Amino acid sequence: MPGGRLTQQERQQIALGLADGLAYAEIARHLDRPTSTVTREVMRNGGPTSYRADLAHRAAERRAHRRKKPATRTPGAAPQHDGRDTEAVREYEETFTTVFMQSGLPKMTARVLACLFTTDSGSLTAAELAAHLQVSPASVSKAVTFLESQGLIRRERDERRRERYVVDDDVMYQSTMASARSTAHLGEIARQGVSILGPGTPAAARLENIARFVDFVSESIARAAAQARDILHTKSTER
């Protein structure tokens, strides 16, 4: 990467570029940086609508300070795999977490989900999650309860009778179908308003159009998810 780590001035230029509505690639050209560098910088620091150069720079300084400390293995932490850049994996988890937060998940819930998705087994115990994320077991418990209620994870017992939290191959399909059902429900409620507000009135016409739009979108999502479901079960050797 040209020039090493981003400087505070470069982060200020990124903030100005975002404020002007520039694309990541255009900002990157002005800085003579790879587009991926700018994308990662923005996504790990609040996203395009919340990025602040001063906060991003302080966060980078804290990360650099942590890197200087000798790495210690925390009992119960999720296992690291040989051949991977541990720091790059951690940075990617932060980026993935930010994307989940932008979709509406609370920060801790997003961190737990990102951790599970980036674990080879797709399965961790509460102790492993707490150790890896360096948070309390109570924080993990609250997050996994929410994720389970949304159909994003499931629980199972391993051979040692420990409770594990799992993201399996079908979790994205189930989540997408749940979203489609929720969208369809919005259409049903909108259509109920047509008779209440009076057919032919501007408000009723607006609600009817919303209902038709939502019906089409929810049906399209459900149909596309069903057609693409097999993709989630593709093994690496089949690609």
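Which elements are included in what covers the buried residues of α7? I shall come to that helix after a short account of the chain as a whole.

Good morning. The model before you is predicted. The mean pLDDT of the chain is 84, and 90% of its residues reach 70 or more. Confidence is not uniform along the chain: helix α4, residues 53–68, has the lowest mean, at 78, while helix α10, residues 202–228, has the highest, at 94.

Let us begin with the overall architecture. The chain contains 10 helices and 3 strands. Followed along the sequence, these elements give the pattern α-α-α-α-α-α-β-α-α-β-β-α-α. Of the 239 residues in the chain, 34% are buried. The accessible surface comes to about 14,800 Å², and carbon and sulfur atoms account for 54% of that surface. Contacts across the sequence also deserve mention: if we take those between residues at least 6 apart, 56% join residues at least 24 apart.

I turn now to the strands. They form an open sheet of 3 strands in the order β1-β3-β2, and the pairing is antiparallel. Why do β1 and β2 each have one side without a neighbour in the sheet? Both β1 (123–125) and β2 (154–157) stand at the edges with a single partner strand each, so one side of each is left without a neighbour there. From one strand to the next, the twist averages 35 degrees. Looking at one pair in detail, β1 and strand β3, residues 163–166, are joined in the antiparallel sense over 3 bridges. Within that pairing, Leu124 has Tyr165 of β3 as its bridge partner.

Next comes the opening question. Helix α7 spans residues 126–133, and its buried residues are Glu128, Leu129, Ala130, Ala131 and Leu133. The cover over these buried residues includes α6, β1, α8 and β3. Both helices and strands are therefore named in that cover, according to the DSSP assignment.

Two of those covering helices also meet one another. The axes of α6 (residues 107–117) and α8 (residues 137–149) come within 9 Å and cross at roughly 80 degrees. Angles of 65 to 115 degrees count as roughly perpendicular, which makes α6 roughly perpendicular to α8. On the α6 side, the residues that meet α8 are Met108, Thr109, Val112 and Leu113. Their counterparts in α8 are Ser139, Ala143, Val144, Phe146 and Leu147.

Phe146 of α8 brings us to Leu105, which lies in the loop between α5 and α6. Is Leu105 buried or exposed? With a relative accessibility of 13%, Leu105 counts as buried, because the limit for that class is under 20%. Not counting residues up to four places away in sequence, Leu105 touches Phe100, Ala110, Leu113 and Phe146. Leu105 and Phe146 are 41 residues apart along the chain, and their C-alpha atoms are separated by 9.5 Å.

Helix α5, residues 86–102, holds another buried residue, Thr98. Its relative accessible area is 8%. Leaving out residues up to four places away in sequence, Thr98 touches Met43, Arg44, Gly46 and Gly47.

I should also like to point out two residues in loops. Asp32 is located between α2 (24–31) and α3 (35–43). Its phi is near 60 degrees, a positive value in a residue other than glycine. Asp32 is exposed, with a relative accessible area of 59%. Gln134 is found in the loop between α7 and α8, just after α7. Gln134, likewise not a glycine, has a positive phi near 55 degrees. At 70% relative accessibility, Gln134 counts as exposed, because that class begins over 50%.

Finally, let us consider the segment after α10, where His233 lies. What is the exposure class of His233? His233 is partly exposed, with a relative accessible area of 34%. Apart from its neighbours within four places in sequence, His233 is in contact with Asp169 and Asp170. His233 and Asp168 are 65 residues apart in sequence, and the distance between their C-alpha atoms is 9.5 Å.

To close, I return to helix α7: among the elements covering its buried residues are α6, β1, α8 and β3. Thank you for your attention.

Key:
Residues are numbered from 1 along each chain as its sequence is written. This is a predicted model: local features need pLDDT of at least 70, side-chain atom pairs count only at pLDDT 80 or more; totals for chains, interfaces and linings use all residues. Side-chain values use heavy atoms; hydrogens and water are left out. pLDDT is the predictor's confidence in each residue, from 0 to 100. Helices (H or I, at least four residues) and strands (E, at least two) are DSSP runs, numbered from the N terminus. Buried means under 20% relative accessible area, exposed over 50%, partly exposed in between (1.4 Å probe, protein chains only). Contact means heavy atoms within 4.5 Å. Two strands pair if DSSP finds at least two bridges between them. Axes are lines fitted to C-alpha atoms, for helices over the stretch in contact, and angles run from 0 to 180 degrees between N-to-C directions. Accessible areas come from the Shrake-Rupley method with a 1.4 Å probe; for residues, only the protein chains shown count as cover. Angles under 35 degrees count as roughly parallel, over 145 as roughly antiparallel, 65 to 115 as roughly perpendicular and the rest as oblique.
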